[in-house]
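Biologist: I am new to this structure and would like a close look at one part, the place where the two chains meet. Please start there and work outwards.

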Amino acid sequence: MLRMLAKLLKALNSETEPGQISLALCLGMVAGLTPLMSPHNLIVLLLALVIRVNLSAFMLGLAFFSGVAYMLDPAFHAMGLRILRAGALEAIFTDMYNNPFLRLTRFNNTIVMGSLMASVAAFIPMAMILNILIRRYRQHVLAWVQKTRLAQMITGSKLYDIYQKISLLGDR
Amino acid sequence: MKKWVRWEGLIAFVVIMGAGAALWLLTADRLVEHAIESVGTTALGARVDIKEADLTLMPLGLTITGLEVTDPGEPMTNLMEAERIAFLMDSGRILLGKVLINEISAEGIRLGTKRRTSGAIATEPEDKNPMQSPSADETSGVGGLSVPDIDEILGREELDTLKLAEAAETDIKQKETHWDARIKTLPDGGTIREFESRYKKIEKRFKGSTSEKLAAIKEAEGLKKDIKTARDTLKAASADLEADYKTLSSGINMAITAPERDIRRLKDKYQISSKGLDNASALLLGQRINGYLARAISIYERLKPLMQSGRDEDEPTPERGKGADLTFREYHLAPTFWARTIRASVQTSQGPIEGALNELSSDQGITGMPATFEFSSRGLKKTRSLRITGTLDHRTPEAPEDRLDISIEGRRLENMILSDSEDLAVSIKDAMADLTVNARLVRRGAIDARARLAIGSADIEASTATDNAMMEAIGATLSSMDEFSVRMKATGTIDDYDLSISSDMDNALRAAAKDMLRQEGEKFEDRLRAAIKDRTDKRLSSLTAKLKGLDDQRASLGGQSDQLDTLLKNASNIKASHQTEDKLKKKLNNTLKKLL
């Protein structure tokens, strides 16, 4: 049981390269900003599992951007409405609408379309920004954080102690 | 850099998807059950419960067991209950959001069954519950056919007799005062005696010398003039008094004849008329019929939205977190919901009623076919035959045309209460009824519904708890009736309709009550006459007595005037009975000539 838990924790906290963390956060952003039960999120989940990204960061990104999505819903609706009503795309959308499988994606929902387009558009810029931020954080801020009382309380706690031991166990 | 692909993640994904699919398969039935209950409850405004839902994927189909649909107007009663409803769906169209069903089979449908728990939902809007119409079981009352108390009537009403009597008394008093003053200014008995005295003196003078005779003639002329003046004055006064007397007599006559007018007026106002029986059938049956009609309308209003397609509006209104679903042109147009045939078997306490509902769809404009239904039964326990047919034509949403026709033959009625009023309780103990209903609903909610109910072999029980002979007569008439028919007509709109009810029962009651009405009318008139006489006799009799004073004055003036006439005549005859003035003058001249 402990071994399984250790393996899970290890899996979650592996892949700690800045690129892996920022990619995970961006995938979490796509899943968080779009309605969770949309079919395209299965592809996002697949990518998050198959590509070596940090799963904790993915889940953190999912949670964070789900909260952000609630505030941005009206903007996503307006964007989605505009895209779906674009004359140039009507023929494509009509074909998609008459396809049973593509209809399952709910592409004709204004929030699904708006949030997906927004998150896809923001994916690369966000990945680059997050990459830079993570590197800067590690360079300038991490040492300071480790010295704070809160960090010392966490690292001095029994839970952290057990985690450390299990991580070592997992490595074996 | 490490490898970017994590193959164990793929296994994890497959495991997660597998677990999800398994979970869905295990809970699909519950999810469908919950979805139907949720959507149905929201649409109806009252609980929709399902015992079990069984979804099959190959082929795609659904079987619902133990469906209970609450009556929104009566939360402890089910509008309908179904043992089993089963159907297959077009699996290809389902992915496109279209529920297309070839045939639905509904078995064990029951109407109006009792619920174990209340089906009311917590958030019921305040006034939007059209099912809370007057209950069809409510009975109406018949009353208002009793005569009010005479003293009560006379206490409430002003009698013209008394008003006229009072006016006459006032006039008589005024005139008496006037004539008392005026009589004093008129020549009286003293004046007449004076004239008589002068006349006698003149008569004596005529026995004297010629010059005395001449002087007497002159005096006679003067007397004549005075008598004439006095006589004319008296005559004028007499004429005025006569006129006043006539006026006062006329006023008194009006007062004396007023009681009859009062009796007529009050009799017309308070006597029971046959008008009260003009619409007895409406009183007895109106509320019940109104209840059925209101209930039918409220059910129709609930079902109407289901037949209207949810076409996109120009600006879809987004729901927070859910957005709006836009539609695009469909290559193969189909309504969102379309059931070609729904076969149903309705179990009633008297037996089964079977039928079918065809072409029920959410967009008849696309299918091009109106929904039709037909239910019938022969061999129900207390009904010889029953047939219900109809059409719901909403192909043009702005101008729907709906039709309902019901034909019930040989329906046995037992212990049906028509009125539970104390004034008149009426119930049909046993009867056979035939009912025909034809109803149309056209554009803008205009309703035209007609019904005819024929009751035969009826055993009607009618009784009154009051001491009212009229009610007893009506009750006896109703009890003796063994057949009658009722016609109902509703026109107007769904929200504001006029219901008119007529029946040959009304004619029978009027005819039967005719004699009773006449007798009651006579009794009422007699009592009214006695009461009015009692209140007015004393006053009226004193009026005639009050006029006596003036009557005496009239007689007195008349007598005096006659006396003056006689005196005048005598005065005029003085010259005639004696020699004329010229003859006297001639005689005097001759006498003087002789002397000279």
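How many salt bridges does the count between chain B and chain A give?

Modeller: One salt bridge is counted between chain B and chain A. Keep in mind that this is a predicted model. The partners are A:Arg106 and B:Asp325, whose side chains meet at 3.9 Å, N to O. That distance qualifies because the cut-off for a salt bridge is 4 Å.

Now the contact as a whole. Chain A puts 38 residues into the contact and chain B puts in 33. Together the two chains bury about 3,200 Å². Carbon and sulfur atoms carry 59% of that buried area.

Next, look at the aromatic rings. There are five aromatic pairs over all chains. One of them joins A:Phe93 and A:Phe107, with ring centres 5.8 Å apart and planes at 25°. The pair counts as stacked because planes under 30 degrees apart fall in that class. A:Phe93 sits in helix 5 of chain A, residues 90-97. A:Phe107 sits in the loop between helix 6 (100-104) and helix 7 (110-147) of chain A. The pair therefore ties together parts that are 14 residues apart in sequence.

Are these two rings buried or exposed? A:Phe93 has a relative accessible area of 6%, so this residue is buried. A:Phe107 also has a relative accessible area of 6%, so it is buried too. Buried here means under 20%.

A:Phe93 has a further partner, B:Phe328. Their centres are 5.8 Å apart and their planes meet at 45°, and the pair is tilted. This pair crosses between chains. Its chain A end is in helix 5. Its chain B end, B:Phe328, is in the loop between helix 7 (280-303) and strand 6 (337-348) of chain B. Both A:Phe93 and B:Phe328 are buried.

Put the rings together and a group appears. A:Phe93, A:Tyr97, A:Phe107 and B:Phe328 form one aromatic cluster. A charged side chain joins the scene at A:Tyr97. A:Arg103 lies over the face of that ring, at 3.6 Å from its centre.

Now move to another place where chain A packs against chain B. Take helix 3 of chain A. Its buried residues include A:His40, A:Asn41, A:Val44, A:Ala48, A:Leu49 and A:Val50. What do the buried residues of this helix pack against? Within chain A, they pack against helix 2 (18-33), helix 4 and helix 7. From chain B, helix 1 (7-44) takes part as well.

Just past helix 3 comes a loop. A:Asn54 is found there, between helix 3 (40-50) and helix 4 (55-84) of chain A. A:Asn54 counts as buried because its relative accessibility is 6%. A:Asn54 and A:Pro18 are 36 residues apart in sequence, yet 9.4 Å apart in space, C-alpha to C-alpha.

Step back to chain A as a whole. Chain A has nine helices and zero strands. Of its 172 residues, 37% are buried. Take its contacts with a separation of 6 or more: 76% of them join residues 24 or more positions apart. The accessible surface of chain A is about 10,400 Å², and 71% of it belongs to carbon and sulfur atoms.

Chain B brings distant parts of its own sequence together too. B:Leu154 lies in helix 3 of chain B, residues 150-156. This residue is buried, because its relative accessible area is 6%. B:Leu154 and B:Ala531 are 377 residues apart along the chain, but their C-alpha atoms are separated by 8.3 Å. Leaving aside neighbours within four places in sequence, B:Leu154 is in contact with several residues, among them B:Leu266, B:Leu528, B:Ala531 and B:Ile532.

Compare B:Ile256, in helix 6 of chain B, residues 210-270. B:Ile256 is partly exposed, because its relative accessible area is 40%. Residues up to four places away aside, B:Ile256 touches B:Leu540 and B:Thr544. The C-alpha atoms of B:Ile256 and B:Ser541 are separated by 8.6 Å, with their positions 285 residues apart along the chain.

One last ring belongs to chain B. B:Arg554 lies over the face of B:Tyr245, at 4.1 Å from the ring centre.

Definitions and conventions:
Residues are numbered from 1 along each chain as its sequence is written. Chains are lettered from A and ligands numbered from 1 in the order in which they are written. This is a predicted model: local features need pLDDT of at least 70, side-chain atom pairs count only at pLDDT 80 or more; totals for chains, interfaces and linings use all residues. Side-chain values use heavy atoms; hydrogens and water are left out. Rings of Phe, Tyr and Trp (its six-membered ring) pair if their centres lie within 6.5 Å; planes under 30 degrees apart count as stacked, over 60 as edge-to-face and the rest as tilted. Helices (H or I, at least four residues) and strands (E, at least two) are DSSP runs, numbered from the N terminus. Buried means under 20% relative accessible area, exposed over 50%, partly exposed in between (1.4 Å probe, protein chains only). A charge sits over a ring if NZ of Lys or CZ of Arg is within 6 Å of the ring centre and within 35 degrees of the ring normal. Contact means heavy atoms within 4.5 Å. Accessible areas come from the Shrake-Rupley method with a 1.4 Å probe; for residues, only the protein chains shown count as cover. Buried area is the accessible area (1.4 Å probe) that two parts lose on being put together, summed over both.
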